[in-house]
Amino acid sequence: MSMNWKNVLAIVAISAGTTIASIWGYGKLVQPEISSGLQATNQLPVNYAGFFNNAANNGSAVDFTPSATTATPAVVHIKTRTKARQATVQEQRRQRNPFFDDFGDMFEDFFGGGPRVIPEQRASGSGVIITQDGYIVTNNHVINEADEINVTLANKKTYKATLVGADASTDLAVIKIEGKGLPYLVYGNSDDAKLGQWVLAIGYPLLLDVTVTAGIVSAKARSIGVNRQQSSMAIESFIQTDAAVNSGNSGGALVNTNGELIGINSAIASPTGSYAGYSYAIPVNIVKKVVTDLVKFGTVQRAFVGIQYQQEGVELSEEEKKNIPGYKEGEGVYVTDVTPEGAAAQAGVKKGDIVTKINGVAINTGPELQEQVTRYKPGDKVSLTYQRAGKENTVSLILRNKSGNTELVKNNSVLDKLGAEFATVDSKTAAANKISGGVIVRKIKDGILRKRTRLEEGFIIIKIGNEDVKTVADFERILNANKGRTVIMQCVFPDAEGAYPIPLNLSDLNDN
């Protein structure tokens, strides 16, 4: 039988067309289902745009040599000595068995405590030279209460240092050595630090010579509560890295691959006391503000918005979240209370608002809010954006100091000389203690209160003489008016009955 080639070709063409159509249809109908669990090999996600073919990210090894060579000469070894001294009343109480704390004064009166001596202490840490004439930034806990501070440079040259100023809230301090033409580190910009960015930690750990370790920025705006051990107004917004940091690294440098200072190493998170994977540095943008204030004023010009907010790790309940219109998890800081007559209250901010921006900078957490406000001083005007009932509002407010006004704080003010931290009691505490106001004593340090009174942390001062004390501003004003005299403070203690009269000799407050 003769073959009709035209028919054969037609059949082949129809078969080929059917096969192609089948393959195309399979790709359209089935392939999306398969590729939902696989990565396509011929395209990249949007977040990788510009990464490949970028000279800065071409996969080549990073060379830390220039950064390390530049930075190490400006990182110093700090050694301190604290002379032996007799323990204060508060320190003796802490040394006693806690079971006897409530009766300590009685036993002391009957049996006598006897002199107790704290032996000489020696410690070491690190620091960073920030000017060619010898200003050095370090941690407050490195030099706190030291009688002698010695500084050794990487070239083994040694200097005596003097304390310029310290700030327990940020755990920063400035010391000074006499020198000229010294190597120093240039400030970078900690705002530019990105997750995954290479950084170097430089310092003198474990009594070793200058040591460099490398890691990446693993998180920003971290709060771990470490500064609360030395200040009731702790400010923490750490850069978290996995660069190895150990005891002795405190006060040392965190630098980027350009050799710029982007942080001061301050703490580690560790179950053993040694490096266990995470270290924390104070962002250089906070460091610059604190250092400038300490050098210029002798004290930090700390500004306050006048709000209390949801703390890190304390979650709102599902019911509370439902009752906040427009609330989105992780966006903004929930205001739990406002300070009466504070900057925020005067601008119209209320309890229940959600702060989302400071001067246009997005705020998602408490540490981020702290970091932004820390950069300003009392009297500075900033814009604050908040949400209320799902609507965004922006207001201008003038930041205030801890006394509630816009004046710059003078060094060695009356409150500084007392040697403690004070705060106006909030409405909840006042109501619980049946008082109209007062000043609560927070952390007691060296000063008149520790040396001359039995005032304890937690006491609330409600009167001095016949004058009511309702705010820190009242407290400061009355003390200034009574310099050189002895006054009687009326104090209450939470959950205790009655008021306690405590004398306070203000002779040391006379102006010299």
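Two strands count as paired if DSSP finds at least two bridges between them. Strands (E, at least two residues) and helices (H or I, at least four) are DSSP runs, numbered from the N terminus. The model is predicted: local features need pLDDT of at least 70, side-chain atom pairs count only at pLDDT 80 or more, and totals for chains, interfaces and linings use all residues. Residues are numbered from 1 along each chain as its sequence is written, and side-chain values use heavy atoms, with hydrogens and water left out.

**Exercise 1.** Find the strand order of the barrel that holds β4 and β5, and give a bridge between these two strands.

Solution. Step one: six strands close into a barrel, in the order β1-β4-β5-β8-β7-β6, and their pairing is antiparallel. On average, neighbouring strands of this sheet are turned by 40° against each other, direction ignored. Angles here are taken between axes, lines fitted to C-alpha atoms (for helices over the stretch in contact), and run from 0 to 180 degrees between N-to-C directions.
Step two: β4 covers residues 121–129 and β5 residues 135–138, and two bridges join them in the antiparallel sense. Val-128 has Val-137 of β5 as its bridge partner.

**Exercise 2.** Do the same for the barrel that holds β9 and β12.

Solution. Step one: the order in this closed barrel of six strands is β9-β10-β11-β14-β13-β12, with antiparallel pairing. From one strand to the next the twist averages 45°.
Step two: β9 pairs with β12 (residues 253–256) in the antiparallel sense over four bridges. Ala-253 in β12 is the bridge partner of Ile-202.

**Exercise 3.** Which strands does helix α7 lie across, and at what angles does it run to β8 and β14?

Solution. Step one: α7 (residues 284–297) lies across β5, β7 (158–167) and β8 (172–176), at about 50° to β8. Contact means heavy atoms within 4.5 Å.
Step two: α7 also lies across β13 (261–269) and β14 (278–283), at about 45° to β14.

**Exercise 4.** Describe the surroundings of Gly-165.

Solution. Step one: Gly-165 is found in strand β7. Its relative accessibility is 6%, so Gly-165 counts as buried (under 20% relative accessible area; exposed is over 50%, partly exposed in between, with a 1.4 Å probe and protein chains only).
Step two: leaving out residues up to four places away in sequence, Gly-165 touches Ala-173, Val-174 and Leu-294.
Step three: Thr-299 is 134 residues from Gly-165 along the chain, and their C-alpha atoms are separated by 6.6 Å.

**Exercise 5.** Is Leu-206 buried or exposed, and what is its phi?

Solution. Step one: most residues other than glycine have a negative phi.
Step two: Leu-206, in the loop between β9 (198–203) and β10 (211–222), has a positive phi near 55°.
Step three: with a relative accessible area of 53%, Leu-206 is exposed.

**Exercise 6.** Repeat the analysis for Asn-359.

Solution. Step one: Asn-359 is found in the loop between β17 (354–358) and β18 (361–362).
Step two: Asn-359 is not a glycine, yet its phi is positive, about 50°.
Step three: its relative accessibility of 34% makes Asn-359 partly exposed.

**Exercise 7.** Why is helix α10 described as largely enclosed by the rest of the structure?

Solution. Step one: α10 spans residues 366–374, and eight of its nine residues are buried, so the helix is largely enclosed by the rest of the structure.
Step two: the buried residues include Gly-366, Pro-367, Leu-369 and Val-373.
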